[in-house]
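Student: I would like to go through this model and ask how each label is justified. Can we take the labels one at a time?

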Amino acid sequence: SAVSNNCPSCMVYRNPNDQTIIERRCCWWSCGSPNSVSNYNGLETYFCTADKCNGYGAESALSPPVTTTTTTAITTTTTAPPKTAFECYECSGPECGKGSSAVSNNCPSCMVYRNPNDQTIIERRCCWWSCGSSNSVSNYNGLETYFCAADKCNGYGAESALSPPVTTTTVTTTITTVTTKTTTTTVTTTTTAVTTTTTTTVTTTTTTIPTTTTTTTAPKTSFQCYDCSGPDCGREGSSVSNNCPSCMVYRNPNDQTIIERRCCWWGCGPSNSIGSHNGLETYFCAADKCNGVGTEFALSPPVTTTTTTTTTTTATTTSSIKITTTRTTSPASCLLNCQNGGTPETEDGCFCYCLENTNGRECENVDCVQPDVNSDICSIENQQLCEESETFAFECLHLCGKC
């Protein structure tokens, strides 16, 4: 069966639509005590903390399935509880909300809103709490949002319930005045005794008003960024993240020969600049896929560290002294900074033995003592970004279940 890794706890509960169906899931937050049964999102849930402890048989800790039967003299009717969990589209962009678009399951409600950086982009999401009434439009995290409660009800066309997108247009009018002077000499009269010359000057002024209209589109504030690492990252076909405030490039802190190309969600430096991000030298840029192959040359050359361990053993006998020296060199790129009680391993690889909920290089980079960097960004409506962006997951440690 499918499994999730790095879970803080495992859990088992009955499907709210059909209590004979058992749901076995990873619990990421607000989990109950191990080997206990408590209420979780309104459902009776059993929690445990051991590998695959929510397997077959764990459901025996739950109450038997509940069905409601209404009986009359001639009719038996089984009434199922009203549906409270739905499938919702979980995506954005022009193809989102159709056919095989990504979906989330067991959602209390579905919602649709406009991307705050580009209101022509429609966001279709699962709403986990504080949702508005079904088929209503209200304010959700400062954004006009449409809510509905039916399977895939936030699909293509649901955005018509929202106000039209807001764009910024600047109109400039230029008035030009042209003056034309025309001189005409007329009428010469000659008689035998008198010669009279009359000169008439006519001045004509013509005013022309051409109108020039200039439309200024608001500057682009969200971009496509490569979100990957390694030698093939940064070329066409590599993984990307959308709607990024900025793109960035930095060296992997464990192996500086590995280039990390990521979406920068906050704390980003100015475009085409080098600054510090989470203690690492980082290049920032603001254009679609601007962190591709070649941008790493803006960074300093990689730093490698060689650790040499010398062990001296002295053996003494009655006739001689023997000295044995053993020299062990760890891999040149292994530089560890294990945290949260983790211990380094440099003999059979380069990684940290970790405690808590981290593993591998995570316990080197994750400091569980620190809170999430930004409570507005690290909020539940952005939780889907935990799986889409490794950078986001490391910034929102507690939201993403790292701690």
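Tutor: Yes, and bear in mind that this is a predicted model. We start with the rings: the structure holds two aromatic pairs.

Student: Why is the pair of Y40 and F47 called edge-to-face?

Tutor: The ring centres of Y40 and F47 are 5.7 Å apart and the planes stand at 75°. Centres within 6.5 Å make a pair, and planes over 60 degrees apart count as edge-to-face, so both parts of the label hold.

Student: What makes Y40 and F47 buried or exposed?

Tutor: Y40 has a relative accessible area of 13%, and F47 has 0%. Buried means under 20%, so both values lead to that label.

Student: How do you know that Y140 and F147 form an edge-to-face pair?

Tutor: For Y140 and F147 the centre-to-centre value is 5.6 Å and the angle between the planes is 75°. The cut-offs are within 6.5 Å and over 60 degrees, so the label follows. Y140 and F147 are both buried.

Student: Where does K98 lie relative to Y156?

Tutor: K98 lies over the face of the Y156 ring, 4.6 Å from its centre. The distance limit for that label is within 6 Å.

Student: What makes strand 17 and strand 21 edge strands?

Tutor: Five strands form an open antiparallel sheet, in the order 17-20-19-22-21. Strand 17 (228-229) and strand 21 (273-277) each have a single partner strand, so one side of each has no neighbour in the sheet.

Student: How do you know that strand 19 and strand 22 pair?

Tutor: Strand 19 (residues 246-251) and strand 22 (residues 280-285) share four bridges in the antiparallel sense. A pair needs at least two bridges, so the requirement is met. C247 stands opposite C285 in strand 22.

Student: Why is P116 called exposed?

Tutor: The relative accessible area of P116 is 53%, and exposed means over 50%, so the label applies. P116 is found in the loop between strand 10 (109-114) and strand 11 (122-127). Its C-alpha atom is 9.8 Å from that of T221, a residue 105 positions away along the chain.

Student: Now the cysteines. How many disulfides are there, and why does the link of C91 and C96 count as one?

Tutor: The structure holds 15 disulfides. The sulfur atoms of C91 and C96 are 2.0 Å apart, and the limit is within 2.5 Å, so C91 and C96 qualify. The torsion about their S-S bond is about 75°, so the link is right-handed. Both C91 and C96 are buried.

Student: What does the disulfide of C107 and C126 tie together?

Tutor: The sulfur atoms of C107 and C126 are 2.2 Å apart. C107 lies in strand 9 (residues 103-107) and C126 in strand 11, so the disulfide ties together parts that are 19 residues apart in sequence. With -130° about the S-S bond, the link of C107 and C126 is left-handed.

Student: Which hand does the link of C285 and C290 have?

Tutor: It is right-handed, with 90° about the S-S bond of C285 and C290. Their sulfur atoms are 2.0 Å apart, and both C285 and C290 are buried.

Student: Why is C10 in no disulfide?

Tutor: The nearest cysteine sulfur to C10 is that of C53, 3.9 Å away. A disulfide needs sulfur atoms within 2.5 Å, so C10 is in none. C10 has a relative accessible area of 12% and is therefore buried.

How values were computed. Residues are numbered from 1 along each chain as its sequence is written. This is a predicted model: local features need pLDDT of at least 70, side-chain atom pairs count only at pLDDT 80 or more; totals for chains, interfaces and linings use all residues. Side-chain values use heavy atoms; hydrogens and water are left out. Rings of Phe, Tyr and Trp (its six-membered ring) pair if their centres lie within 6.5 Å; planes under 30 degrees apart count as stacked, over 60 as edge-to-face and the rest as tilted. Buried means under 20% relative accessible area, exposed over 50%, partly exposed in between (1.4 Å probe, protein chains only). A charge sits over a ring if NZ of Lys or CZ of Arg is within 6 Å of the ring centre and within 35 degrees of the ring normal.
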